[in-house]
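Here is a short tour of one protein model for your next look at the screen. Have the viewer open and follow along.

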Amino acid sequence: MWKQKVFPVLCKLEDFKPQNTFPIYMVLHHEASIINLLETVFFHKEVCESAEDTVLDLVDYCHRKLTLLVAQSGRGAPPEEESQYSSPMQELQKQAELMEFEIALKALSVLRYITDCVDSLSLSTLSRMLSTHNLPCLLVELLEHSPWSRREGGKLQQFESGRWQTVTPSEQQKLSKLDGQVWIALYNLLLSPEARARYCLTSFAKGQLLKLRAFLTDTLLDQLPNLADLQGFLAHLALTEAQPPKKDLVLEQIPEIWERLERENKGKWQAIAKHQLRHVFSPSEQDLRLQARRWAETYRLDVLEAVAPERPRCAYCSAEASKRCSRCQNEWYCCRECQVKHWEKHGKACVLAVQGDRAK
């Protein structure tokens, strides 16, 4: 909410001429860190089930990010990675735009993991996804625009692992991870018994969903065989009459976190921006040094490893390990002797891992 409501106001203030934009960058960076964490934990279905009604806020968040992603792709190519900037503020805004793009792609993964649990979601969450936001139609638009793909110098590029990568001609028919996430989410939302019973297939929804038939090629079905069921669903849909919009009385639960923050701070965004300009984003040289020292302590690898639930173990003897294979960085060892003894088993995998990284 801060990035949407306060940050734009902050950038327009006449007195906002920061000599150092790093404090603001760290605020923006925290959102990226949190969505990365959510992507990791929501991979496990029990997390989604235990989240209960707070999933509503997360569904709304993902919908906002994906809607902005579709709108951005409609305006042209995705953001460029490198450019020359005339001021630190312009550089910060460009970094924020690039980060927003990556966050939206992570939000797509989180949403897909939520759809894996569609049969166990609450009625409010299901209604929010299918009726309020009409996520199936939004996902169709994502497939149409494919904002994670672009043409650069006549070559196809796809955004993967945090950067744009050129796709070789032999790999262009291969389904990308992001396209796969969209297809799986669509499969879950359209073929799950709970979702099918509650999704109203209006004439608009029918028209949007039938666009999927053009994408369901034999090559795609070979890579995701389950989509044959979706193809059958679309064939049946083409022959059925569209449903009129439902007029049932539905008591909709609203996302509490966003609504509460917006209600408590309505009309205060400019005042908040001015307050933060004076007390947060205009630090003295000494304050900036103290902040930098705190951030350095927070993100030290040894500190992060100390709070990890499990310490790494030696791949050979299973003792607590402190050294990694310097070539592939995948295996841990307690000493040089264990690494040498394990090389006969690890060597081939190590060489393949290094070759794979070089190919990227």
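## Two helices that cross

Helices α9 and α13 are oblique to each other, because their axes cross at roughly 55 degrees and angles between 35 and 65 degrees fall outside the roughly parallel and roughly perpendicular ranges. Keep in mind as you look that this is a predicted model. The pair is made up of α9, residues 177-191, and α13, residues 227-239. Their axes come within 10 Å, and the crossing is left-handed.

## A closer look at α9

Does the length of α9 fit its residue count, and what span should its 15 residues have? At 1.5 Å a residue, the helix should span 21 Å, and its end C-alpha atoms are indeed 21 Å apart, so the two values agree.

α9 is also mostly covered, with 12 of its 15 residues buried. Among them are Trp183, Val182 and Ala185, together with the leucines Leu178, Leu186, Leu189, Leu190 and Leu191. The buried set also includes Asp179, Gln181 and Asn188, as well as Gly180.

## A hairpin of two strands

Now turn to strands β1 (residues 149-152) and β2 (residues 155-160), which pair in the antiparallel sense over 4 bridges. Glutamate 152 has lysine 155, in β2, as its bridge partner. Between the strands sit 2 residues, and glycine 153 takes a positive phi near 65 degrees in this hairpin.

## An annotated stretch

The unreviewed UniProt entry places the feature "domain: MYND-type" at residues 314-350. In the model, that span is 41% helix and 11% strand, and its end C-alpha atoms lie 16 Å apart.

How values were computed: Residues are numbered from 1 along each chain as its sequence is written. This is a predicted model: local features need pLDDT of at least 70, side-chain atom pairs count only at pLDDT 80 or more; totals for chains, interfaces and linings use all residues. Side-chain values use heavy atoms; hydrogens and water are left out. Two strands pair if DSSP finds at least two bridges between them. UniProt positions are given in the numbering used here, feature names are shortened, and annotations may be inferred rather than shown by experiment. The expected span of a helix is 1.5 Å times one less than its number of residues. Buried means under 20% relative accessible area, exposed over 50%, partly exposed in between (1.4 Å probe, protein chains only). Axes are lines fitted to C-alpha atoms, for helices over the stretch in contact, and angles run from 0 to 180 degrees between N-to-C directions. Angles under 35 degrees count as roughly parallel, over 145 as roughly antiparallel, 65 to 115 as roughly perpendicular and the rest as oblique. A crossing is left-handed if the near helix is turned anticlockwise from the far one by less than a right angle, and right-handed if clockwise.
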